[in-house]
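Please open the model in your viewer and keep the sequence panel visible beside it. We will begin with the whole chain and then select a few residues in turn.

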Amino acid sequence: MKKHFMTACMLVAGLAACVTSCQKKDPAAQVKGNGLPQAQNTKGLIAYVEVDSLATQYEYCKVRLKELEAKQAQYSSQLNSKAQALQKAMADFQQKMQSGGYTSQQQAEAAQAQLQRQDQQLRQFQEKVEADMAAAAAAYQETLRDSLKHFIDDFNKDGRYTMILSKSGDNILYADKQLDITDQVVAGLNKRYKK
């Protein structure tokens with residue numbers, strides 16, 4: 001009886017070891033003959049969104065980009081106007097200098113100092129415009145990221161995806177088109193934006 005009990009215990013221990021070893025995947029068994037890892041069944045766990053498509057399909061992006069372009073055009077117009085006024089003032093100064101239009105050295109120096117102030121004001125305006133446009137673009141990007149993040153959080157509340165990547169240009173070398181959820185995300189974002 002002791003012998004049968006020992007044999008039964010050894011058999012149970014052997015089965016337990018076998019089950020445990022079957023549950024742990026052998027790393028060597030997960031590699032194909034060519035050295036590449038075996039494909040895991042992860043379909044649906046990872047998805048991606050073509051972020052570049054948002055600029056052309058998401059209504060918020062279309063509206064905000066038009067606003068940014070209009071602001072840029074307005075600033076460019078103002079900058080060009082100020083630059084042309086400076087060029088004209090410089091040409092007038094040169095002509096007056098050559099024709100002896102200034103009656104004294106002090107008058108010429110005062111006119112030249114005025115041109116330098118006008119040039120400095122133009123440079124300051126250009127720096128302000130660049131800073132304003134950079135801030136507007138950063139605010140747009142931040143709002144877009146925030147909107148996308150909140151939507152993705154709601155979109156994936158059921159946890160169907162373990163990871164959702166943003167694809168822009170060629171930052172992802174390969175992705176199965178079945179993992180592309182861009183159209184669903186754009187449709188959802190547009191629906192939210194219209195509310």
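Start with the chain coloured by secondary structure: in this predicted model, you can pick out 5 helices and 2 strands, and if you follow the chain from its N terminus, the elements come in the order α-β-α-α-α-β-α.

Now show the surface of the whole chain, which has an accessible area of about 14,500 Å², with 56% of that belonging to carbon and sulfur atoms. Of the 195 residues in the chain, 21% are buried. If you turn on contacts and keep those between residues at least 6 apart in sequence, 79% of them join residues at least 24 apart.

Next, select helix 4, which covers residues 105-155, and find Thr 143 within it. Where does the side chain of Thr 143 reach? Zoom in and you will find the backbone oxygen of Ala 139 at 2.9 Å from that side chain. Thr 143 counts as partly exposed because its relative accessible area is 39%, a value that lies between the 20% limit for buried and the 50% limit for exposed. Add Tyr 60 to your selection, and you can see that 83 residues separate it from Thr 143 in sequence, while their C-alpha atoms are 9.7 Å apart in space.

Finally, move to strand 2, residues 163-167, and select Leu 165 there. With a relative accessible area of 31%, Leu 165 is partly exposed. Then add Leu 45, Ile 46 and Met 163, which together with Leu 165 make a nonpolar surface patch of about 290 Å².

Terms used: Residues are numbered from 1 along each chain as its sequence is written. This is a predicted model: local features need pLDDT of at least 70, side-chain atom pairs count only at pLDDT 80 or more; totals for chains, interfaces and linings use all residues. Side-chain values use heavy atoms; hydrogens and water are left out. Helices (H or I, at least four residues) and strands (E, at least two) are DSSP runs, numbered from the N terminus. Buried means under 20% relative accessible area, exposed over 50%, partly exposed in between (1.4 Å probe, protein chains only). Contact means heavy atoms within 4.5 Å. Accessible areas come from the Shrake-Rupley method with a 1.4 Å probe; for residues, only the protein chains shown count as cover. A polar contact is a pair of N or O atoms within 3.5 Å; within protein, one must be able to donate a hydrogen and the other to accept it, and residues adjacent in sequence count only if both atoms are side-chain atoms. Patches are made of residues with over 30% relative accessible area and no salt bridge: like charges are joined within 9 Å, nonpolar side chains (Val, Leu, Ile, Met, Phe, Trp, Tyr) within 5 Å. A salt bridge is a side-chain nitrogen of Lys or Arg within 4 Å of a carboxyl oxygen of Asp or Glu.
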